[in-house]
Amino acid sequence: MTASVRARAVISRRALVDNARRVAERVAPAQLAIVVKDDAYAHGVPEVVSTLIAAGFHRFGALDLTTALTVRELAPDSMIFTWVFGEHDDLDVALRERLDLGVSYPSMLERVAESAKRTGQRATVHLKIDTGLHRAGVLADTWPRFVARAAELQKAGAIDVTGIWTHIAEASYERDSAAILRFEQAIQIAQEAGLHPRVRHLAASAASFERADARFDMVRVGAFVYGIAPGDGIGPHELGLTPALTLSTTVTHIERANGRSHAQIPIGHVHGLYSDAVNGVTVAVRGERFPIVSVDRTMARIDVTGSSIATGDAVHLFGDGAHGEDSLQVWADAMGTIGEEVAIRLARAAERHYVD
């Protein structure tokens, strides 16, 4: 690692493919749509999508239109579902590129229909019901009117209601069961309005793995494909998953004072390493683990007292454990957050290297 490189992310293609196959087997016969939001969780959209297509996966979920269009370039024949749109997003392009559009509001439904009329391209849409998470979606009391309008637009040839979908909180078994019931009721109302969606989807990583009744026709899985576990003591290995990304840096300086030795690494607050890492997580150097004892704006210090660690030594923050490092999930649990948030924060600007 050169002095100009702050952090290095080594990403295993084999881990990505093995994890995706593990998830696909688990959720079958439901189809797996692999989510690639936030630059594929900081793993890099181009390489991730290309790797998974080569392995036979052809369904992807892209949070925003820009990412969805990038995926379309890489995957001209794949199903690409995208669901968050800004007021200036060009829906005409989305329709021409045959993207599946998540529609969460009546105003968005009308906007899609206008684009279909303008382009002469029938829009493929998935209608979203809010089942309790309140992360967008049409509320239950306005759902009948919403699906009735969608049925009118479908009959007019503007849209094809391919799917109905929602998010659930994954907060408790009981709350998720209630959300699943509300989802089933929403599907019934849509059918009574004359819609017959072929793709019903509700579950993300954790729910898709744990609950057969949450899978329906398709699941949207991001974190698990990258080997990022849900937390609360459950690590990737308990799920049969392998972390695909290993993040490392180097020792830039050794401080010795008052009988203690501290190694400096060039990752600090501005790079996404927050103070809650102090005395909460360890890093691995030469196969041994050492605690982070301070975090400043642009660097952190590791207590390496009693070791022979030197400037230039590799420091592994998290990964698959091959270098003695903890998993990303251990970091997330210690810092009171979720693994994907830590990965995106710390690895997004790292220099990436892909290995088979």
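Me: Is aspartate 356 buried or exposed?
Reply: In this predicted model, the relative accessible area of aspartate 356 comes to 68%. Because a residue counts as exposed when this value is over 50%, aspartate 356 is exposed.

Me: Which residue does the side chain of aspartate 356 meet in a salt bridge, N to O?
Reply: The pair links distant parts of the chain, 343 residues apart, with aspartate 356 placed in the segment after β17 (351-355) and its partner in helix α1 (residues 13-27). The partner counts as partly exposed, at 22% relative accessibility. The two side chains meet with an N to O distance of 2.7 Å, and the partner of aspartate 356 is arginine 13.

Me: Which residue is linked with Arg13 and Asp356 in a network of salt bridges?
Reply: Arginine 13 and aspartate 356 meet in a salt bridge of their own. The network that links Arg13 and Asp356 also takes in Glu47.

Me: Which helix holds the salt-bridge partner of glutamate 340, and how many residues apart in sequence are the parts that the pair ties together?
Reply: Glutamate 340 forms a salt bridge with lysine 37, and their closest N and O atoms are 3.7 Å apart. Glutamate 340 belongs to helix α11 (residues 339-347), whereas lysine 37 belongs to helix α2 (residues 37-42). The pair therefore ties together helix α11 and helix α2, parts whose separation in sequence is 303 residues.

Me: What is the relative accessible area of glutamate 110, which meets arginine 149 in a salt bridge?
Reply: The side chains of arginine 149 and glutamate 110 meet at 2.7 Å, N to O, linking helix α7 (residues 143-155) with helix α6 (residues 106-119). Arginine 149 counts as partly exposed at 31%, and glutamate 110 is also partly exposed, with a relative accessible area of 27%.

Conventions: Residues are numbered from 1 along each chain as its sequence is written. This is a predicted model: local features need pLDDT of at least 70, side-chain atom pairs count only at pLDDT 80 or more; totals for chains, interfaces and linings use all residues. Side-chain values use heavy atoms; hydrogens and water are left out. A salt bridge is a side-chain nitrogen of Lys or Arg within 4 Å of a carboxyl oxygen of Asp or Glu. Helices (H or I, at least four residues) and strands (E, at least two) are DSSP runs, numbered from the N terminus. Buried means under 20% relative accessible area, exposed over 50%, partly exposed in between (1.4 Å probe, protein chains only).
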